[in-house]
Amino acid sequence: MEIEKDTTHEVTLTVNGEVVSREIPARRLLIHFLREDLRLRGPKVGCDTGHCGACTVSRNGETVKSCMVLAVQTRGDEIETVESLTEDGELNTLQQAFREHHALQCGYCTPGMLMSSRNLLQHNPQPTAEEVRAGLHGNVCRCTGYVNIVEAVQAAAQEGGSR
């Protein structure tokens with residue numbers, strides 16, 4: 001797709017199960033579209049270079065760093081943010097495991113960690129600790145040291161918690 005500078009494009013995509021259509025500047029990043037246009041505050045702007053993973057979302061079932069994707073590139077795609085994980089306003093199994101295992105401190109990385117963890121559990125329902133660490137590669141936490149995060153993901157796996 002060739003994208004011209006300073007132009008806008010009509011984009012229709014599905015975000016957290018809802019079809020959304022917007023006129024979007026060609027150079028708007030997906031993270032800014034989600035946070036500013038759709039008011040979804042779950043994905044965080046961290047490094048803005050794809051290194052920290054705070055902006056991780058699911059795009060057509062695979063995780064992507066939304067600071068590395070132009071919103072116009074998601075035309076027709078299905079995007080899920082951390083907001084999609086709650087079930088009827090309640091924490092899902094994975095979120096509950098993060099809470100119970102103290103897998104967060106400041107919480108800034110947590111949305112990206114949760115989205116990457118969900119993706120991991122969907123592809124590997126019973127990961128080893130090493131596989132969890134590999135699955136979360138690209139998501140940086142500066143507070144927890146990862147031990148509690150790995151334990152939380154494995155606890156959620158025991159509960160069948162990929163959703």
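The exercises below, each with a worked solution, concern a predicted model.

**Exercise 1. Helix α1**

Task: Determine how many residues of helix α1 (residues 30-37) are buried, and name the strands against which the buried residues pack.

Solution:
- Step 1. Count the covered positions: helix α1 has 8 residues, and 6 of them are buried.
- Step 2. Identify them: the buried residues of α1 are L30, I31, H32, F33, L34 and R35.
- Step 3. Find their partners: these buried residues pack against β1 (8-15), β2 (18-25), β3 (56-59) and β5 (78-80).
- Step 4. Look past the end of the helix: R39, just after α1, has a positive phi of about 60°.

**Exercise 2. The cysteines C106 and C143**

Task: Explain why C143 forms no bond with the closest cysteine sulfur, in C106, and classify C106 and C143 by accessibility.

Solution:
- Step 1. Search the whole structure: the number of disulfides found is 0.
- Step 2. Check the neighbour of C106: its nearest cysteine sulfur belongs to C143, at 3.7 Å, and C106 is in no disulfide.
- Step 3. Apply the cut-off: a disulfide requires cysteine sulfur atoms within 2.5 Å. The C143 sulfur lies 3.7 Å from that of C106, which is too far for a bond.
- Step 4. Classify the residues: C106 is exposed at a relative accessible area of 56%, whereas C143 is partly exposed at 33%.

**Exercise 3. Salt bridges**

Task: State how many salt bridges the rule gives, then describe the pairs R59 and D77, E80 and R118, and D37 and R28.

Solution:
- Step 1. Take the total: the count is 4 salt bridges.
- Step 2. Consider R59 and D77: their side chains form a salt bridge with an N to O distance of 2.6 Å. This pair joins distant parts of the chain, with R59 in strand β3 and D77 in the loop between β4 (62-65) and β5, 18 residues apart. R59 is partly exposed, at 23% relative accessible area, while D77 is buried, at 11%.
- Step 3. Consider E80 and R118: the side chains meet in a salt bridge at 3.0 Å, N to O. Here too the pair links distant parts of the chain, from E80 in strand β5 to R118 in helix α3, 38 residues apart. E80 is buried at 18%, and R118 is buried at 3%.
- Step 4. Consider D37 and R28: the closest N and O atoms of this salt bridge are 3.6 Å apart. D37 is partly exposed, with 27% relative accessibility.
- Step 5. Look for shared partners: a network of salt bridges links R28, E36 and D37.

**Exercise 4. N119 in helix α3**

Task: Decide whether N119 is buried or exposed, and list the residues that N119 touches, leaving out those up to four places away in sequence.

Solution:
- Step 1. Locate the residue: N119 belongs to helix α3 (residues 110-123).
- Step 2. Compare with the cut-off: buried means under 20% relative accessible area. N119 has 14% and is therefore buried.
- Step 3. List the contacts: with residues up to four places away in sequence excluded, N119 touches G61, E62 and T63.

**Exercise 5. The largest pocket**

Task: Give the volume of the largest pocket and describe its lining.

Solution:
- Step 1. Read the volume: the largest pocket holds about 150 Å³ of space.
- Step 2. Describe the lining: 15 residues line this pocket, and Y108, C109, V140, C141 and R142 lie nearest its centre.
- Step 3. Sort by type: the lining has 9 nonpolar, 5 polar and 1 charged residues.

Key. Residues are numbered from 1 along each chain as its sequence is written. This is a predicted model: local features need pLDDT of at least 70, side-chain atom pairs count only at pLDDT 80 or more; totals for chains, interfaces and linings use all residues. Side-chain values use heavy atoms; hydrogens and water are left out. On a 1 Å grid over the protein atoms alone, a cavity is a set of points where a 1.4 Å probe fits but cannot get out, and a pocket is an open set with protein on both sides within 12 Å along at least five of seven lines; lining residues have an atom within 4 Å of a point. Grid points are joined across faces, edges and corners, and a volume is the space filled by probe spheres set on the points. Ala, Val, Leu, Ile, Met, Phe, Trp, Tyr, Cys and Pro count as nonpolar, Asp, Glu, Lys and Arg as charged, and the others, Gly among them, as polar. Buried means under 20% relative accessible area, exposed over 50%, partly exposed in between (1.4 Å probe, protein chains only). Helices (H or I, at least four residues) and strands (E, at least two) are DSSP runs, numbered from the N terminus. Contact means heavy atoms within 4.5 Å.
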